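Thank you for making the time this morning. I would like to walk you through one model, going from single residues to the helices and back again, so please keep the sequence and the structure in view while I talk.

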Amino acid sequence: FRDEPFASSLQPHSSAANFILCKVLSPMGGKAIKDQLMTEHGIMVRHYSTKLLDNYIRISVGTPQHTDRLLDGLRAVLSS
């Protein structure tokens, strides 16, 4: 994520699980990112708006092809 143009929009947390939890720093907000990834790119991520996880998204780790598709979607959504 560090070298991506959207790196300043998401703050990923270290993970030993099959997902990455990211704090959304973009003024766009986590829900809008989730909705746009789904409607425009067919990519599902989970948005959280609980007290402890306000404005976080959870990205499941998939195949390398899934990762490439996710990165393409994030580039498109967060550069608009």
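Let me begin with leucine 10, which, setting aside residues up to four places away in sequence, touches Phe1, Cys22, Lys23, Val24, Leu25, Ile57, Leu74 and Leu78. I should say at once that this is a predicted model, and everything that follows should be heard with that in mind. Leucine 10 lies in strand β1, and its relative accessible area is 3%, so it counts as buried. Proline 27 is 17 residues away from leucine 10 along the chain, and the C-alpha atoms of the two are separated by 11 Å.

Serine 9 belongs to the segment before β1, and with a relative accessible area of 11% serine 9 is buried. Apart from its neighbours within four places in sequence, serine 9 is in contact with Lys23, Val24, Leu25, Ser26 and Leu78. Glutamate 4 is also found in the segment before β1, and although one might wonder how a glutamate is classed here, its relative accessibility is 18%, so it counts as buried, the cut-off being under 20%. The contacts of glutamate 4, again leaving aside neighbours within four places in sequence, are with Leu71 and Arg75.

Those contacts bring us to helix α2. Helix α2 has 15 residues and spans 21 Å from its first C-alpha to its last, which is close to the 21 Å expected at 1.5 Å a residue. Which residues of α2 are buried? They are Leu70, Leu71, Gly73, Leu74, Val77 and Leu78, and because they cover an arc of only 165° around the axis, they sit on the same side of α2. Pro64 and Gln65, by contrast, are exposed on the other side of α2. If you ask what covers the buried residues of α2, the answer includes β1 (10-12), α1 and β4 (56-60).

Before leaving this helix, I would point to aspartate 72, which is placed in α2 and which, at 47% relative accessibility, counts as partly exposed. Between aspartate 72 and histidine 41 there are 9.0 Å in space, C-alpha to C-alpha, although the two are 31 residues apart in sequence.

Now to the other helix. Helix α1 has 12 residues and reaches 16 Å from its first C-alpha to its last, close to the 16 Å expected at 1.5 Å a residue. The residues Gly30, Ile33, Gln36 and Leu37 are buried in α1, and, seen down the axis, these buried residues fall within an arc of 130°, so they line one face of the helix. Their cover includes β2 (19-24), β3 (46-48), β4 and α2.

How, then, do the two helices meet? Helix α1, residues 30-41, and helix α2, residues 64-78, pack at an angle of about 115°, with their axes 10 Å apart, and their crossing is right-handed. On the α1 side the residues are Ile33, Gln36, Leu37 and His41, and they meet Arg69, Gly73, Leu74, Ala76, Val77 and Leu78 in α2. Sorted by character, the residues of this contact divide into six nonpolar, three polar and one charged.

I will finish with two points about the backbone. Just after α1, glycine 42 takes a positive phi of about 65°. Asparagine 55, which is placed in the loop between β3 and β4, has a phi near 65°, and here the positive value belongs to a residue other than glycine. Why single that out? Most residues other than glycine have a negative phi.

To draw the threads together, leucine 10 touches both Leu74 and Leu78, serine 9 is in contact with Leu78, and Leu74 and Leu78 are among the α2 residues that α1 meets. I am happy to go back to any of these places on the screen.

Definitions and conventions: Residues numbered from 1 in each chain as written. Predicted model: local features only at pLDDT ≥ 70, side-chain atom pairs only at ≥ 80, totals over all residues. Heavy atoms only, no water. Axes fitted to C-alpha atoms, helices over the stretch in contact; angles between N-to-C directions. Helix = DSSP H or I, 4+ residues; strand = E, 2+ residues; numbered from the N terminus. Left-handed = near helix turned anticlockwise from the far one by under 90°. Contact = heavy atoms within 4.5 Å. Nonpolar A, V, L, I, M, F, W, Y, C, P; charged D, E, K, R; others polar. Expected span 1.5 Å × (residues − 1). Buried < 20%, exposed > 50% of the residue type's maximum accessible area, 1.4 Å probe, protein only. Arc of directions from axis to C-beta.
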